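Here is a friendly tour of the structure shown below. Take a look at it first, and then we can walk through its parts together.

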Amino acid sequence: MTTEDMLSQKLDRLIAALERIAPPAAQPADLTAADCFVWDPARLMLDPVIKVNRVDISLIQGVDNVRDILVDNTRRFADGLSANNVLLWGARGMGKSSLVKAVQAAINAENPGRPPLKLIEIHREDINSLPALMSSIKDAEYRFILFCDDLSFDHDDTSYKSLKAALEGGVEGRPSNVIFYATSNRRHLLPRDMIENERSTAINPSEAVEEKVSLSDRFGLWLGFHKCSQDDYLSMVDGYAKYFGLDYEEPRLRAEALEWATTRGNRSGRVAWQFIQDLAGRLGKAI
């Protein structure tokens, strides 16, 4: 066997090995399969979600102002008009992620003759693959809400830079048929001690802080969710009970709902929903 033949065989084996470890080619998604999808970066595919975990928008109580703002922003986007990326931040259990899913359904129900607005969930740990996701859908005929629930970044996590570039700062910018909605318990997405550490160790502390805080600036709308009052909490409970047809004496319903919140040490939409689930179970009714 000649030297050239040996080199050729080695090259063939090297090419075969590289092909085995190369990431899979992106497969075109069947966007008609569902209105909601979950992004799988390992396979570069969109997995359809047939049964979406969401509630009717009428059941989301105590956040009327931010609800109306989000509905209006989403409606403009669905109509092909200018709209902003949105950061929904604040108290846990107040319906941030529920509102995003409910608004998408409500906007689609408003105009069934229009191509449906699609919702794609991307997990926090997959943010680095956001550019690949946007590239795969930028030429589609549909419009997309990219949704990341509980978005935040920890120490030594640099994936926030990928998010910054994907939202506004890249050469291509955000595709016109894509908008990004995220929920977080923190308004600035990064822990305070991380920002303070950057300030104390950087050559130019103010520039380091600007680098961190500027991520939130990529979101044109910041919608704050705050702890609800007792009246708002009881309105949530009443709304759920009426919607699901739970036949229960109102004074008793409210007294038990308040006791339930006291045992949890918190009043929120999530606590109200948990109480309703317990009540429905005691009444022998599936919801």
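Which residue in β7 is the bridge partner of G90? The partner is F225, and that pair is a handy way into the sheet. Please keep in mind that this is a predicted model.

**The sheet**

- Seven strands form an open sheet with mixed pairing, in the order β2-β1-β4-β5-β6-β3-β7.
- The edge positions belong to β2 and β7 (221–225), each of which has a single partner strand, so one side of each is left without a neighbour in the sheet.
- From one strand to the next, the twist averages 25°.
- At one end of the order, β1 and β2 run antiparallel and are joined by 4 bridges, with W39 standing opposite L46 in β2.
- β3 and β7 pair in the parallel sense, over 5 bridges, and G90 and F225 are bridge partners there.

**The two faces of β7**

- In a regular strand, side chains alternate between the two faces of the sheet.
- β7 shows this alternation: L221, L223 and F225 point to one face and are buried.
- W222 and G224 point to the other face and are not buried.

**Helices across the sheet**

- Helix α2 lies across β3 (86–90), β5, β6 (178–184) and β7, and runs at about 150° to β7.
- Helix α3 lies across β1, β3, β4 (118–121), β5, β6 and β7, and its direction is at about 145° to β3.

**Where α2 meets α3**

- The axes of α2 (residues 64–78) and α3 (residues 96–110) come within 10 Å and cross at roughly 50°, which makes α2 oblique to α3.
- The crossing of α2 past α3 is right-handed.
- On the α2 side, the contact is made by V66, R67, L70, V71, T74, R75 and A78, while α3 brings L99, V100, V103, I107 and E110.
- Sorted by class, this contact of α2 with α3 has 8 nonpolar, 1 polar and 3 charged residues.

**Where α8 meets α9**

- Helix α8 (residues 230–243) and α9 have axes that come within 10 Å and cross at roughly 120°, which makes α8 oblique to α9.
- Here too you will find a right-handed crossing, with α8 passing α9.
- Q230, Y233, L234, V237, D238 and A241 in α8 meet L253, R254, A257, L258, W260 and A261 in α9.
- By class, the contact of α8 with α9 has 9 nonpolar, 1 polar and 2 charged residues.

**Loop residues to look up**

- L44 sits in the loop between β1 (36–40) and β2 (45–48), and has a positive phi of about 50° although it is not a glycine.
- D150 also has a positive phi without being a glycine, at about 60°.
- The loop that holds D150 runs between β5 (144–148) and α5 (160–169).
- Is D150 buried, partly exposed or exposed? D150 counts as partly exposed because its relative accessibility is 47%.
- N266 is found in the loop between α9 (250–264) and α10 (269–282).
- N266 counts as buried, because its relative accessibility is 16% and the cut-off for buried is under 20%.
- Not counting residues up to four places away in sequence, N266 touches R92, A261 and V271; A261 also appears among the α9 residues that meet α8.

Methods. Residues numbered from 1 in each chain as written. Predicted model: local features only at pLDDT ≥ 70, side-chain atom pairs only at ≥ 80, totals over all residues. Heavy atoms only, no water. Buried < 20%, exposed > 50% of the residue type's maximum accessible area, 1.4 Å probe, protein only. Axes fitted to C-alpha atoms, helices over the stretch in contact; angles between N-to-C directions. Parallel < 35°, antiparallel > 145°, perpendicular 65-115°, else oblique. Left-handed = near helix turned anticlockwise from the far one by under 90°. Contact = heavy atoms within 4.5 Å. Nonpolar A, V, L, I, M, F, W, Y, C, P; charged D, E, K, R; others polar. Pairing = 2+ DSSP bridges.
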